[in-house]
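This report describes the fold, strand pairing and packing of one protein chain. The sequence and coordinates are shown first, and the description follows.

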Amino acid sequence: MKKVHLLLLLLSLQSLAKPPIKYLKNGVAINKCNVSYAIQSNLLDSLHILYLGCNNVMMKYKNEQVMFDPFFSYQALKKVGLGKIKFDEKAISLGLERIKQAGFDLQNVHDIFISHGHYDHVFDLPYLINHQAFKSHINLHCNTSVQNELFKFKDRINFITNQSPKCDSNAYDDKLWQNISEHIRVLPLRSSHAPHVLGVQFMKGESKANKFEQYDTTNFKSNAMHWKGGKEYAYLVDIIENSKPVFRILMQGPSIKPCPDILPEAVLKEKDVDIAVMIIASNQYVKEYPGFQLGRLKPKKVIITHWENFFKDYTKEPTLVPSTNHDAFFQKASKAQSKEWNYKTDADMFIMPYPGTKISFK
Ligand SMILES: [Zn+2]
């Protein structure tokens, strides 16, 4: 038996042992209903953040929208490890319904940002393109691994290769911001990936275009292991009013090891971070995560993503993602508290939304 198969077997055994959500110890609210928070800012309108599962997130301000990591087709672990993955039309149609219900509209999405090339971050994009979910061309901000995976869609996708600021604050160039609409701009930030299970990271390296040549783009029935991550990116999203950033959100992709170029000091001086959207999966493998970022950025709220089991049918009631110590995330965050960044309870600071939940800030 290959090492990868053995690890997947262990992972599946561990998933059987996972308790249901209600046993999460620290009382963090798991939002099933849309919620709204008043946060001191110069926003002139509400900012809406829609969580759709994994790291699939949409944001909307004044009818301008942006999307991250489109993925609904949750796959059984045995298919990920040993079989082929393919689009799950039932799951995608539920996802599209959730988008509609929340008042979002993919026809108004022109820019999509991808954190990395693993299937659970980009796999459903071809389906959405095939089914005319977007108006015409989309601008896809991503790494070269994702460009190789989706090269067959080059007539419909305008690929924009992410460029990130260097760690030297003096070298920070504000031309790296992507001005995607009148009130929204996005800055890619180099990031990294935590191991998946037992300290091992799967699907490392760059996807090769020739591996993807063979796949039928109408169902993309493919080997999950071919969807390699490539360079990982986090994103900083600014809401702009009167030519100035008035609200700032960190979209933190995979759990990362801190390095100085996560967010140059020069960027932070311009505007602090209001909301951090952070992945919880595999956090226990990176001891500095999320404490390093949270202690430095001191956000007013933290939205937790990639918390639910994506080896389970998307249309079923979610349970916790296996191979993740959810409690460790909150313990490490709690240690990062300081005089400048302090919160009463975990339930006050963290929001763990069900897929389909809209979180609004005014
Ligand atoms: Zn990944």
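## Pairing around strand β16

Tyr-37 stands opposite Phe-361 in β16. The strand that holds this position on the other side is β2 (residues 35-37), which runs parallel to β16 and is joined to it by 3 bridges. Strand β3 (residues 47-51) also pairs with β16, here in the antiparallel sense and through 5 bridges. Within that pairing, His-48 lies opposite Ser-360.

Strand β16 covers residues 357-361, and 4 of these 5 residues are buried, so the strand is largely enclosed by the rest of the structure.

## Overall composition

The model is predicted. Its secondary structure amounts to 11 helices and 16 strands. The protein has 362 residues, of which 46% are buried. Among contacts between residues at least 6 apart in sequence, 77% link residues that are at least 24 apart.

## The eight-stranded sheet

Strands of a sheet pair through backbone hydrogen bonds, in either a parallel or an antiparallel arrangement. In this protein, an open sheet of 8 strands follows the order β1-β15-β14-β13-β12-β11-β10-β9, and its pairing is mixed. The edges are formed by β1 (30-31) and β9 (178-179), each of which pairs on one side only.

One pairing within this sheet joins β14 (residues 301-305) to β15 (residues 350-353): the two strands run parallel and share 2 bridges. Val-302 has Phe-350 of β15 as its bridge partner.

## Nonpolar cores

The largest nonpolar core contains 91 residues, and Val-57 and Tyr-235 touch the most other members. Strand β11 (residues 233-241) supplies the largest share of this core, with 6 residues. A second, separate core consists of 5 residues, among them Ala-194, Ile-256, Val-286 and Tyr-289.

Beyond its neighbours within four places in sequence, Val-57 is in contact with Ile-49, Leu-50, Tyr-51 and Leu-52, as well as with Phe-68, Met-251, Val-277 and Thr-305.

## Helix α3 and its two faces

Helix α3 (residues 89-101) has 13 residues, which at 1.5 Å a residue should span 18 Å; the end C-alpha atoms are 18 Å apart, in agreement with that expectation. Its buried residues are Ala-91, Ile-92, Gly-95, Arg-98 and Ile-99. Viewed down the axis of α3, these buried residues fall within an arc of 120°, so they line one face of the helix. An α-helix has 3.6 residues a turn, so residues three or four places apart point the same way.

The cover over the buried residues of α3 includes β3, β4 (57-61) and α5. On the face turned away from the buried side, α3 carries the exposed residues Glu-97, Lys-100 and Gln-101. The helix is followed by Gly-103, which has a positive phi near 85°.

## Leu-125 in helix α5

Leu-125 belongs to helix α5 (residues 125-130). Is Leu-125 buried or exposed? Its C-beta atom has 26 others within 10 Å, where 20 or more are required, so Leu-125 is buried.

Residues up to four places away in sequence aside, Leu-125 touches Pro-70 and Leu-150. Leu-125 and Phe-71 are 54 residues apart in sequence, while their C-alpha atoms are 7.3 Å apart in space.

Definitions and conventions
Residues are numbered from 1 along each chain as its sequence is written. This is a predicted model: local features need pLDDT of at least 70, side-chain atom pairs count only at pLDDT 80 or more; totals for chains, interfaces and linings use all residues. Two strands pair if DSSP finds at least two bridges between them. Helices (H or I, at least four residues) and strands (E, at least two) are DSSP runs, numbered from the N terminus. A residue is buried if 20 or more other C-beta atoms lie within 10 Å of its own, exposed if 12 or fewer, and partly exposed in between; C-beta atoms are placed from the backbone. Two residues are in contact if their C-beta atoms, placed from the backbone, lie within 7 Å. A nonpolar core is a set of buried Ala, Val, Leu, Ile, Met, Phe, Trp, Tyr and Cys residues joined through C-beta atoms within 7 Å. The expected span of a helix is 1.5 Å times one less than its number of residues. The arc is that of the directions from the helix axis to the C-beta atoms.
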